[in-house]
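Open the model in your viewer and keep the selection tool at hand. The stops below say what to select and what is found there.

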Number of protein chains: 2
Amino acid sequence: MVSINPNSKVDEDLVKEKEAAFAEFIQRRGLKTTRQRNTIVSTFFRMKGHISVEELLVEVKKANPRIGYATVYRTLHLLVESGLVEERRFGDGLARYEGHSAVEHHDHMICLECGMISEFYNPRLEALQEKLAEENNFEIYRHRLELYGACKDKEACQARKKQKEARAQGA
Amino acid sequence: MVSINPNSKVDEDLVKEKEAAFAEFIQRRGLKTTRQRNTIVSTFFRMKGHISVEELLVEVKKANPRIGYATVYRTLHLLVESGLVEERRFGDGLARYEGHSAVEHHDHMICLECGMISEFYNPRLEALQEKLAEENNFEIYRHRLELYGACKDKEACQARKKQKEARAQGA
DNA sequence: TGGAATACGAAAACTGTTTTCATTACCGAA
DNA sequence: TTCGGTAATGAAAACAGTTTTCGTATTCCA
């Protein structure tokens, strides 16, 4: 089991690299570099976790309050098309966006108590899926596996929950 | 690997059983038995596969054209609450409903070419997930695993695709 | 059978997302 | 360096799927 810790500091060099990759994508596509896009992209890459449009917009507005959500949506689509970001949906009816991490593919555990979303990757799990697909004469392009449940560490879980509620109050 | 074939005939006895279970649920909750609910529920249980609200409404209207989608939505929620039906979302932005099959839990393979949704269940897969959760100090309430890809049997797949397109034309 | 509680259907409201449209910004060519 | 065509922006409207509202109709217990 490889567990992925999303709590590490944002790597400034990596962010720069991603920004450059996006700039290149924009150019390759014949699109234009704009202040808004730069703001949104650089804000996005400096956030961590599984970011909703709402969350991103809040941060973006701190840098430039005139940016509206249409532009945020549009830029997120570009990020997805560029391959630098993936869109995910965890069933609460809103899209979340996630910069590609070092580990390309991974699955998710979602705590229904505190909202924590953690990532994991397990090669045996992947292999088993391939085997099952094979047996069904099916070719997998991609898959998604989500485990919904609760943290067993109740203290940490409750702490996260309170933190989250406090944040919701403040917003 | 246990594969689940959704193409079997509708078992009339099983449908009756489910209708009875729903009736009991309605009573237990102090709700009322209505013609509309009966129509919707019995229509639903006679359909197979992963049914969207739209699809169900079309069938329901054949029996009673005056039934609107509000009632269909409401009744589906009741079915879910009763535990007889599960709601699923496969990322195309609309809810699909599925009567509990003989095998309680199962995962899905979704063909992106022909739209086929097939079900499977594998105990090793389940066990492995439990193990991974355990290692992460996490308790699984439920999970979902979806394999997106394509049928390797291209002929069958193309046939299904054409059938689907024909149906879309007719609608 | 009367009447309170519940359900119905149509339409309005809601949520998250996409599109429209008039205006502004970008950027290569002159 | 300005010009001008193209693309991007922001506000608001549109959209799709779903939920809620509200006035009317139905259920079902006393």
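Which element gives the most to the surface near DNA strand C? Select α4(A): with 5 residues, α4(A) gives the most to that surface. Bear in mind while looking that this is a predicted model.

**Stop 1: DNA strand C**

Keep strand C on screen and show the protein residues around it. There are 23 of them, and A:Y73, A:H77, B:K32, B:R37 and B:T71 are the closest. Of the strand C atoms that come within 4 Å of the protein, 73% belong to sugar and phosphate. Now colour by secondary structure. At least two residues of the surface near strand C come from each of α4 (69-82) of chain A, α2 (35-46) of chain B and α4 (69-82) of chain B. By class, the residues of this surface are 8 nonpolar, 7 polar and 8 charged.

Next, pick out single side chains in chain A. Start with A:H77, where a side-chain N or O atom is 2.6 Å from a phosphate oxygen of strand C. Then turn to the bases. The side chain of A:K32 has an N or O atom 3.0 Å from a base oxygen of strand C. For A:R74, a side-chain N or O atom is 3.3 Å from a base oxygen of strand C.

**Stop 2: DNA strand D**

Hide strand C and select strand D. What comes nearest among the 23 residues around DNA strand D? They are A:K32, A:R37, A:T71, B:Y73 and B:H77. Sugar and phosphate make up 68% of the strand D atoms that come within 4 Å of the protein.

For the elements, select α2 (35-46) and α4 of chain A, then α4 of chain B; each of these supplies at least two residues of the surface near strand D. α4(B) has the largest share, 5 residues. The classes here are 8 nonpolar, 7 polar and 8 charged residues.

Three contacts can be looked at one by one:

- A:T71: a polar side-chain atom lies 2.6 Å from a phosphate oxygen of strand D.
- A:Q36: a polar side-chain atom lies 2.8 Å from a sugar or linking oxygen of strand D.
- B:T33: here a backbone N or O atom lies 3.0 Å from a phosphate oxygen of strand D.

**Stop 3: chain A against chain B**

Hide the DNA and show both protein chains. How many residues does the contact take from each chain? Chain A gives 40 residues and chain B gives 40 residues. About 3,600 Å² is buried between the two chains, and carbon and sulfur atoms give 60% of that area. Select A:F138, A:R144 and A:K152: they supply 20% of the area that chain A buries against chain B, more than any other three residues.

**Stop 4: the cavity**

Leave A:R144 selected, as A:R144 is also one of the residues lining the largest cavity. The count of cavities of 30 Å³ or more is 1, and the largest has a volume of about 30 Å³. To see the whole lining, select A:R88, A:F90, A:H105, A:H106, A:D107, A:H108, A:H143, A:R144, A:L145 and A:E146.

Which strand gives the most to this lining? That is β7(A), with 4 residues. Show β7 (138-151) together with β5 (107-111) of chain A, each of which supplies at least two lining residues. Colour the lining by class to finish: 2 residues are nonpolar, 4 polar and 4 charged.

Technical notes
Residues numbered from 1 in each chain as written. Chains lettered and ligands numbered in written order. Predicted model: local features only at pLDDT ≥ 70, side-chain atom pairs only at ≥ 80, totals over all residues. Heavy atoms only, no water. 1 Å grid on protein atoms, 1.4 Å probe; cavity = no way out; pocket = protein on both sides within 12 Å on 5 of 7 lines; lining within 4 Å. Points joined across faces, edges and corners; volume = space filled by probe spheres on them. Nonpolar A, V, L, I, M, F, W, Y, C, P; charged D, E, K, R; others polar. Near = heavy atom within 4 Å. Polar contact = N/O pair within 3.5 Å; in protein donor to acceptor, adjacent residues only side chain to side chain. Contact = heavy atoms within 4.5 Å. Buried area = accessible area lost by both parts, 1.4 Å probe.
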